[in-house]
Amino acid sequence: MLAHLVLSIAFGLIGALTGALTGGGLGSILLYYFVGGWAGFIVSIALQLILSSAFRTAAATNVRRATS
């Protein structure tokens with residue numbers, strides 16, 4: 001859960017920096033922060049699903065080897 005928060009904040013800050021560099025004002029900064037935060041959350045969920053399935057597969061393989 002902490003990783004989701006950290007990635008959301010990091011992507012949000014990168015988005016806010018992008019919004020500031022485009023020179024669109026406070027509205028642009030907030031919009032980019034919001035979109036970046038959601039992107040970070042989605043990326044963290046995707047990483048969690050990918051890593052959990054990879055470890056689950058490796059663990060299952062080790063269990064099969066140990067029992068045979």
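This report describes the fold, one buried residue and one surface patch of a predicted model.

The chain contains two helices and zero strands. Helix H1 covers residues 2–22, and helix H2 covers residues 26–67. Of the 68 residues in the chain, 16% count as buried. Among contacts between residues at least 6 apart in sequence, 57% join residues at least 24 apart. The chain exposes about 5100 Å², and carbon and sulfur atoms supply 79% of that area.

Two residues, one from each helix, are set side by side below.

| Residue | Helix | Relative accessible area | State |
|---|---|---|---|
| His4 | H1 (residues 2–22) | 9% | buried |
| Trp38 | H2 (residues 26–67) | 47% | partly exposed |

His4 counts as buried because its relative accessible area of 9% is under the 20% cut-off. Which residues does His4 contact, leaving aside its neighbours within four places in sequence? They are Phe41, Ser44, Ile45 and Gln48. With Ser44 there is also a polar contact, side chain to side chain, at 2.7 Å.

Trp38 counts as partly exposed because its relative accessibility of 47% lies between the cut-offs of 20% and 50%. Trp38 is one of the residues of a nonpolar surface patch of about 900 Å². The other members of the patch are Leu31, Tyr32, Phe34, Val35, Phe41, Ile42, Ile45 and Leu49. Phe41 and Ile45 belong to this patch and are also among the residues in contact with His4.

Notes: Residues numbered from 1 in each chain as written. Predicted model: local features only at pLDDT ≥ 70, side-chain atom pairs only at ≥ 80, totals over all residues. Heavy atoms only, no water. Helix = DSSP H or I, 4+ residues; strand = E, 2+ residues; numbered from the N terminus. Buried < 20%, exposed > 50% of the residue type's maximum accessible area, 1.4 Å probe, protein only. Contact = heavy atoms within 4.5 Å. Areas by Shrake-Rupley, 256 points an atom, 1.4 Å probe, with all protein chains shown as cover. Polar contact = N/O pair within 3.5 Å; in protein donor to acceptor, adjacent residues only side chain to side chain. Patch = residues over 30% accessible without salt bridge, like charges linked within 9 Å, V, L, I, M, F, W, Y side chains within 5 Å. Salt bridge = Lys/Arg side-chain N within 4 Å of Asp/Glu carboxyl O.
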